[in-house]
Amino acid sequence: MSVVEEMNRAQRVQVENDTTASPRAFFNTDGSYNQNVIAKTKLTDVDISKLIENRVAFTNEQIGNMNEKQLSYALDALMPSFTKEIKNNKAFAEVPLLIEKAQKTSDIKGMRDYVKMMQAQVTTNDETSNALVTNVEDYRLRDEGDGGRIEAETQIKQSRQETEEQTFFNKINEIGKQSDLSKTEKVEAIQQAFETLADKWDVLVPADVKFLTAEGFDEKGKPDYDFPGCLGFVPETVRAITRDSFSTSIFSRMGSKYGNNASTQRSYGLLWSIDELGLPYLENYSARHTFEINDTYFDAIDAIRENSLDGLNEIIEQNHGKPVDLLALDSFKAYYQYFTERAETESKKHGVNADVTYGLNGEVAPWINADGEVYLNGGAPQFTFPLNIDMMLRLGVISRYE
């Protein structure tokens, strides 16, 4: 008789009525798990580990009895199998980040829901797993009503966008690293790949090889653009953004949320042209966005400068957002400091002495090559902010983004 069989025989009578049974009593004589025993057992941390290791599901009652530490342990232990199961299922792509948030905020109910969802995904058949896709937003934003559901759908869409964009960028970076292609051939191959995209999202690719540096591509294969100096401004037009001079609140931008340049919105919904914006990219209308900055912009910048987490979260609460932690504040401040140092250095190189505290505005510079040939005329208004668009959305400083 095996050791497992001996252990189970010795404990069989005791275990059937014992709610604190040890993991070794979970085995049947054939080495399989005894679900009847498991279902009646109050689980310890060790039990949780053993059950997850053997892909055995917890009962809802057991999940309901888990404390925060055990729930967190269960989530961490389930994660490797869960991510493996969902790697090709974009509907679940945002779940790991949401789980991390639930753990950080001690959201016990949320953690229990995620344990149920994760173990269903890793222990059930494909039909059941696929049915869970329709419930992701319910786990994401339960009790938050229709607004929460809309936000959840937006999160799923954003996750899909980021995945597809990154796949495309990986593809064009591989093109950029091909040593057997000339710069022109690489740009043409990238443009062809861009044209085949069903959803172009916020993807921007070079319109012509003439906009690239002599090297053309960096060591990672990314296009290396030879942008004009002075942050793209006509130097003599550069002014500081101030509370008194901030006369517009609606802006337009071509590009992703991770940039910090924008222009004003033209009248009657007209778009600034690529030539006026001084952008070296093929046109992509899906990357054209408008957004509105509210009057908490300056206060948010001040809170970041003063390293005031309480002050920043008061502004976020005022904007109906979710509070941030010190790690987020540190990332905002690091970005802000990088911007101000770079903006001051670049501006002074071109004889500009504007205060960069809240950003700069001016006129887009023309793009002129070393021989005096004008590639792009520029001339549109330009605003360069000390935080990127994504950060301002997180702070609630941007109240509308389309």
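## A guided tour of the predicted chain

With the whole protein chain displayed, the secondary structure comes to 16 helices and 11 strands. This is a predicted model, and of the 402 residues of the protein chain, 44% count as buried. Among contacts in the protein chain with a separation of 6 or more, 63% are between residues 24 or more positions apart.

**Colour by confidence**

Before selecting anything, colour the chain by pLDDT, which averages 78, with 72% of the residues scoring at least 70. Residues 1–27 have a pLDDT below 50, although this stretch has 48 contacts in the model beyond near neighbours in sequence. Select residues 124–150 next, where pLDDT stays under 50 as well and the model has 42 contacts beyond four places in sequence. Where pLDDT is low, the predicted coordinates should not be read in detail.

**Helices α13 and α15**

Now select helix α13, residues 297–305, together with helix α15, residues 326–349, whose axes come within 9 Å and cross at roughly 100 degrees. An angle from 65 to 115 degrees counts as roughly perpendicular, and therefore α13 is roughly perpendicular to α15. To see the contact itself, show the side chains of Ile301, Ile304 and Arg305 on α13, and those of Leu329, Phe332, Lys333 and Tyr336 on α15. By residue class, this contact of α13 with α15 divides into 5 nonpolar, no polar and 2 charged residues.

**Asn313 in helix α14**

Move on to helix α14, residues 309–318, and pick out Asn313, which counts as buried because its relative accessibility is 16%. Once its neighbours within four places in sequence are left aside, Asn313 is in contact with Pro323 and Val324.

**Phe211 and its surroundings**

Centre the view on Phe211, in the loop between α11 (183–195) and β1 (212–217); with a relative accessibility of 5%, Phe211 counts as buried. Not counting residues up to four places away in sequence, Phe211 touches Asp224, Tyr225, Asp226, Pro280, Trp367, Tyr375 and Leu376. If you draw a C-alpha to C-alpha distance from Phe211 to Tyr225, it should read 5.8 Å, for two residues that are 14 residues apart in sequence.

**Aromatic pairs**

The structure holds 18 aromatic pairs. One of these joins Tyr225 to Phe227, with ring centres 5.5 Å apart and planes at 45 degrees, so the pair is tilted. Is each of these two residues buried or partly exposed? Tyr225 counts as buried, at 15% relative accessibility, whereas Phe227, at 46%, counts as partly exposed.

Then select Tyr297 and Phe385, whose ring centres are 5.9 Å apart and whose planes stand at 75 degrees, so this pair is edge-to-face. The pair links distant parts of the chain, since Tyr297 is in helix α13 while Phe385 is in the loop between β10 (381–384) and α16 (389–395), 88 residues away. Tyr297 is buried, with a relative accessible area of 2%, and Phe385 is buried too, with a relative accessible area of 0%.

As a last selection, show Phe246, Phe251, Phe291, Tyr297, Phe298, Tyr358, Phe383, Phe385 and Tyr401 together, since ring pairs link these residues into a cluster.

Notes: Residues numbered from 1 in each chain as written. Predicted model: local features only at pLDDT ≥ 70, side-chain atom pairs only at ≥ 80, totals over all residues. Heavy atoms only, no water. Axes fitted to C-alpha atoms, helices over the stretch in contact; angles between N-to-C directions. Helix = DSSP H or I, 4+ residues; strand = E, 2+ residues; numbered from the N terminus. Parallel < 35°, antiparallel > 145°, perpendicular 65-115°, else oblique. Contact = heavy atoms within 4.5 Å. Nonpolar A, V, L, I, M, F, W, Y, C, P; charged D, E, K, R; others polar. Buried < 20%, exposed > 50% of the residue type's maximum accessible area, 1.4 Å probe, protein only. pLDDT = per-residue confidence, 0-100. Phe/Tyr/Trp six-rings, centres within 6.5 Å; stacked < 30°, edge-to-face > 60°.
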